[in-house]
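Two regions of this structure are described below, each built around paired strands. Please have the sequence and the model open while reading.

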Amino acid sequence: MLTRLRIRNFKRFPNADIELGQAVVFVGQNNSGKTTALQSLALWDVGLRKWNQEYKGRAVPAKRPGVTINRRDLVAIPVPSANLLWRNLHVRDIKKANGKPDTQNVRIDIIVDGIKEGKAWSCGLEFDYANDESLYCRPLRLNNQKELQRMPVPPEAAETLIAYLPPMSGLAATEPKWEAGRINVLLGEGQTAQVLRNLCHQLHEQPEPKTGWREVFDFIESLFGAQLQPPEFIKERGEITMRYKDPEGCLLDLSCAGRGLQQTLLLLAHLYANPKTVLLLDEPDAHLEVLRQRQIYQLLTDVAARQGSQIIAASHSEVVLNEAANRDIVIAFVGPPHRIDDRGQQVLKALTDIGFDQYYEAELKGWALYLEGSTDLAILQAFAQTLEHPAARVLERPFVHYLTTNLPARAREHFYGIQEAKPDLVGFALFDRIDKPLASGTPLTETMWQKREIENYLCMESVLLAYARHDQPDDLFGAAEAQRRVQTMRDCIQEITLALRTLGRPSPWSAEVKASDDFLNPLFDLFFQKVGLPNLLRKTDYHALARLVPKDQIDQEVVAKLDGLLAVAQKAKSKET
């Protein structure tokens, strides 16, 4: 089992130190380094194999002991030029010594630690750039003296089997029978579509009692209701075919199966066909619905443990993150890669209740935004864009938690729970008008609208008439129809206004009216009834009205709220790239 990975000068990493274990999940935003970390292990594995092919059981020469790795050997790290493996493409350092240029190679260092049969081992390799097509690999130097000392290559490292498995890329209509080496090459190149039947054939051809095949059969039937049929090798065509029986009893080619079934079958077949392997999985949850992601993750880790295998997976799934955080190792690629679940029990309890995905987002952004619902965020975004307010930028991808209620206690519970793990977290909570005073002087800035709710600030007659005019393109019905719709909206506004007055309710334009429930909802029900259409503008769609509010008519209180939100966001210690 691998226990630690250290990287220097590889792709995006100047330095990285990553804890590993029986099951590890890498989480992070796109381009944060998750796949790069997996690829560093693949590069180390290629270097180790090449080194042992050349020198295992032989004396290592004192000078130039490196082995050459061709770029095309790096099937799991496809790059058009070898220098793309180096951070910032920096392969040489040139300095002046005694007035003359002194050129030094910049090396990639990858050190992997592990345990085998209770014995700890460590194996470090260094890589030098040769040219666009190749690089040199040798054991890591331990000093820079004239008599170089290098880290020994332990036999335990050589016995480690590593396999890189990218997401399922669909399934080819036909699949030739491949040898084991070709299967590994195709997998490394990401051509999973070319090997699924081959993996299943390998598994099915294992000696009786074919335990692996039978277990995979049972899992697929239980998860997807599909009964796998044994793969068949058609010797005349050199192809492997495979079918399955769907829940209605129809026999279908495996290419007809859903991508989620194919993805799960790929992972299980590889696990059973290759025991005692370190499996590098890039987005194993790809193509899986949310409800299945937890189930498949649990299944993979349980099977891996029984097979003596180790799983190191890169994922974007919140479900997988929360499942792994309580039982396995989660490494967050936010700033330097680090473990996010290595904390005291009180913090663990808080994060378990709230969700580790919430902590991850808080760590990434450094601040939290609390609103009643997603419509509120869309309205704020629309106002900020119309005003060309700098808050528009921070509102593009905020860490926002929707409260679904107007209770400040909900926001405080969530915010201070996360703050247990991230003490420098700041937050901004915006509520509809509340009769009780809000807290002040805390890291969570609490504020409320002076009018009843956010919809009051877009509830204007001119906005409603503009919506009626532009709800459908003018050229579809013509100017006369557009004018008719505007008059219909005027009539509806008058009718609902009179009804509110009769009921003793505030005016539609009053700060005291609950604009959405008391006015806008009945207004649009009536308007669309009169124009002969189903209601096309429900409460969740009112952000469309915010985009129709002219810049000079946006209330100054909206500007003040955006100013306050921006001030909090600017205090945040963000780790976002």
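Two strands count as paired if DSSP finds at least two bridges between them. With that in mind, take Y129, which stands opposite L135 in β9. The model is a predicted one.

Y129 and L135 belong to a pairing in which strand β8 (residues 119-131) runs antiparallel to β9, with six bridges joining them. β8 and β9 form a hairpin, and two residues lie between them. Strand β9 covers residues 134-139 and is mostly covered, with five of its six residues buried; buried here means under 20% relative accessible area.

β9 has another partner as well. Strand β4 (residues 67-70) is joined to β9 by four bridges, and these two strands also run antiparallel. Within this pairing, N70 stands opposite S134 in β9.

The second region is a sheet with parallel pairing. This open sheet is formed by four strands in the order β21-β20-β22-β23. At its edges are β21 (400-402) and β23 (444-448), each of which pairs on one side only. From one strand to the next, the twist averages 20°.

In the middle of that order, strand β20 (residues 367-371) and strand β22 (residues 426-431) run parallel and are joined by four bridges. L369 stands opposite F428 in β22. Helix α11 (residues 374-387) packs on the sheet, where the helix touches β20, β21 and β22. The direction of α11 makes about 110° with that of β20.

Note on methods
Residues numbered from 1 in each chain as written. Predicted model: local features only at pLDDT ≥ 70, side-chain atom pairs only at ≥ 80, totals over all residues. Heavy atoms only, no water. Axes fitted to C-alpha atoms, helices over the stretch in contact; angles between N-to-C directions. Contact = heavy atoms within 4.5 Å. Buried < 20%, exposed > 50% of the residue type's maximum accessible area, 1.4 Å probe, protein only.
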